[in-house]
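Trainee: Please take me through one helix of this model in detail, from its burial pattern to what surrounds it. I would like the cut-offs too, as you go.

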Amino acid sequence: MLFRLSSIVLAMTATAVLAGPALAQETIKIGVTEPLTGAFAASGNYVTQGARIAEDEINKAGGVLGKKIQLIVEDNKSNPTEAVATAEKLINSDKVPVMMGAWSSTLTLAVMPKLEEYKIPMLVETSSSDKITTSGNPYIFRISPTSGMEARAFTPLVKKLGIKKADFLATNNDFGLGASKAFSEMAKNAGVKIGVVETMDPNATDFSAQLAKIKASGGDTLFVTTAVEQITLILKQANDLQLKTRIITTGGSNAPDQLIEQAGAAANGSMHLVFFTPWFPDAVKNPEIAKKFVSIWNDKKYNVGGLTEGFRGWDGIYTIVAGIKAAGSADPAAITKALWNVKVKGINGDIAFIKQGPAGKESAQNVPSVYLVKIEGGKVVRD
Amino acid sequence: MVCKGRGPAPRDRGNPLEQLLQHGANALILGGTYALLGIGLTLIFGIMRVVNFTHGELYAFGAYMMYLWVMRLHVNFFVALLLAVALGVALGALIEYVLLRRLRSSDIDTTMLVMIGAWIAMQNTEQLIWSGVAQSISAPFPSQPLQIGHVYIGWDRLFVFVTALALIGLAYYLINRTKLGKAMRATFQDRETAMLMGIDVHLVNTATFAMGSGLAAAAGALLGPVFVVQPSMGDLASLKAFAIVILGGLGNITGATVGGFILAFMEELGAGYISSGFRDGMGFLVIILILIFRPTGLFAQKERIG
């Protein structure tokens, strides 16, 4: 009897073991590396939440190529070394044919050599350093705007806002320094006087020295490039110093709702470049998609302030899946080839890729929409 | 589109002297909290000789307790401050009782490894409980800053400064004028002799660690409302505290106080007049220079041998 029981167990185990790989083949894996802990944890989690919404929707609608998709999310801990480790893990142990990541420019730049080494395409959903698409890595497909694109989109606003002298304050990494360079060049070409160009450590919390210097420079506009945590502190400390300069933040990771909640009255009068306007979904190119996304986000009771990050994950996963569909298989080379020709209706707008970088080794870059919003009386208003 | 709130106001730009005064005021305020962090650590690292990696986490703990009491439970701001510091003292006593007491005869490496473990565990617990999203704490101070000439100081920062000075004074008094302070100094000069004199060295150890931890929690609780609260906030605080202690000389309270102010002035003036990108570098540059010329720190006494 005992023997019989154990043989049944054995048979069941064998079935389970054999069925395991068979079931696994039913899904197409997509690797995601985001900062879920560390300095950029808030934003990384929002992007992941948006990506999970896309995964649910796509699987409910039948998946792709007759299979369900499966996101494998790894935490890169806001640390470039860890980002490389997550890419190695996703590619070598999970065998993903395509990836999305890695939020900050520094993290993405760290992962890029691994993409070339293993010939795996990666969709870049947030990073904005120009270097990412101009350094000649043919596995990069970026849907977020480059700092250069953002600056160009801003050019007509220089006159409209009457900017005469501009100062700059940016976080001391690829993202901040790239944006300061792009925006100061743009301003110079538009005839704006350049005051001081200041930097701050990505972990710093006290900016009184930089702000006092900016105040003494006497510009009418201050361009700030960093993530929402530091922007909150800059707005509060600028108010403490009674810095009357108009503050404009670039990069789209400024979460205006979170600024209103955390900086309070100090946020009033500040302006923000964003890539999605959940406050007025009608302003975007595909309002139906945007409204649906906002309503699912709210149903899940996710933080409202995270919408301006979360949409990136949604757009990214939909673009990857469109690539897989066009490729007709989950083969990295086929997906890399197919992604070049996808046309996706995204929350930010219509997603399609143009070539950037040295000939023969071009990276793919989308031309996204950029919006300027303003905080007035504790509300986000269209400018 | 005309910006009403933040239109340019050229008259308010201030001349070079006013800019210098503003930098000076900023540094003074910052120095108060650096001194608080430094004194807390110099008690533990300098006197007890425990390389305390949890110091920054106690700082974060104080800030999160402030967030809990003020923002979640809507307790009065000043009551919350007292509660946060009291809980910091209690947590410090707990760490000493649970972890350090049984390590007292171990070598410095073992203790250091245990403290590194405690640091990582505490930071991840904060992340688990409060998530990685930065939180803000509202303070009952007017949003219009105090204006003296062309120098502006936020009321919240002024409050932090005054409270920090009071706490520094209290720490001085406790260590130099009370029986407990005398017992502390005696214990760490010569443990065996102190025991022979009837001092409960276990109690003294716990009290010292608790007091240092309480000062770190106080710094966190004071600065939480000025900055934002997030799980990794303790790392930078730890780094600065160690720098201040080394700068001032191990175990020297005056050294830690002066060291805190020196670090703040170097950072502020370095960032204001040389390069803001090297703000944190400026402080460490001074430390390197001081250690070259005075290897035991600015205020190190001759090694006290019991």
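Mentor: Let's start with burial: a residue is buried if 20 or more other C-beta atoms, placed from the backbone, lie within 10 Å of its own, exposed if 12 or fewer, and partly exposed in between. The model is predicted, with local features needing pLDDT of at least 70 and side-chain atom pairs pLDDT 80 or more, while totals for chains, interfaces and linings use all residues. Residues are numbered from 1 along each chain as written, with chains lettered from A and ligands numbered from 1 in written order.

My choice is helix H3 of chain A, residues 80-93 (helices are DSSP runs of H or I with at least four residues, strands runs of E with at least two, numbered from the N terminus). H3(A) has 14 residues and reaches 20 Å from first C-alpha to last, close to the expected 20 Å (1.5 Å times one less than the number of residues).

Now look at its two sides. A:Glu82, A:Ala83, A:Thr86, A:Ala87, A:Leu90 and A:Ile91 are buried in H3(A). These buried residues lie on the same side of H3(A) because they cover an arc of only 165° around the axis (taken from the directions from the axis to the C-beta atoms). An α-helix has 3.6 residues a turn, so residues three or four places apart point the same way. Turn to the other side of H3(A) and you find A:Thr81, A:Asn92 and A:Ser93 exposed.

What lies over the buried residues? The cover includes strands E1 (27-34), E2 (68-75) and E3 (99-101), together with helix H4, all of chain A (contact puts C-beta atoms within 7 Å). Just past H3(A) comes A:Lys95, with a positive phi near 55°.

H4 is worth following further. Chain A is divided into domain 1 (22-145 + 287-366) and domain 2 (149-274), with bounds from an automatic or database assignment. Their C-alpha centres lie 28 Å apart, and each domain of chain A brings 19 residues to the contact between them. On the domain 1 side, the elements giving two or more residues are H4 (105-118) and H12 (307-327) of chain A. H4(A) gives the most there, with 3 residues. That side of domain 1 divides into 5 nonpolar, 11 polar and 3 charged residues (Ala, Val, Leu, Ile, Met, Phe, Trp, Tyr, Cys and Pro count as nonpolar, Asp, Glu, Lys and Arg as charged, the others, Gly among them, as polar). H4(A) thus appears twice in this picture: in the cover of H3(A) and on the side of domain 1 that touches domain 2.

Methods. Contact = placed C-beta atoms within 7 Å.
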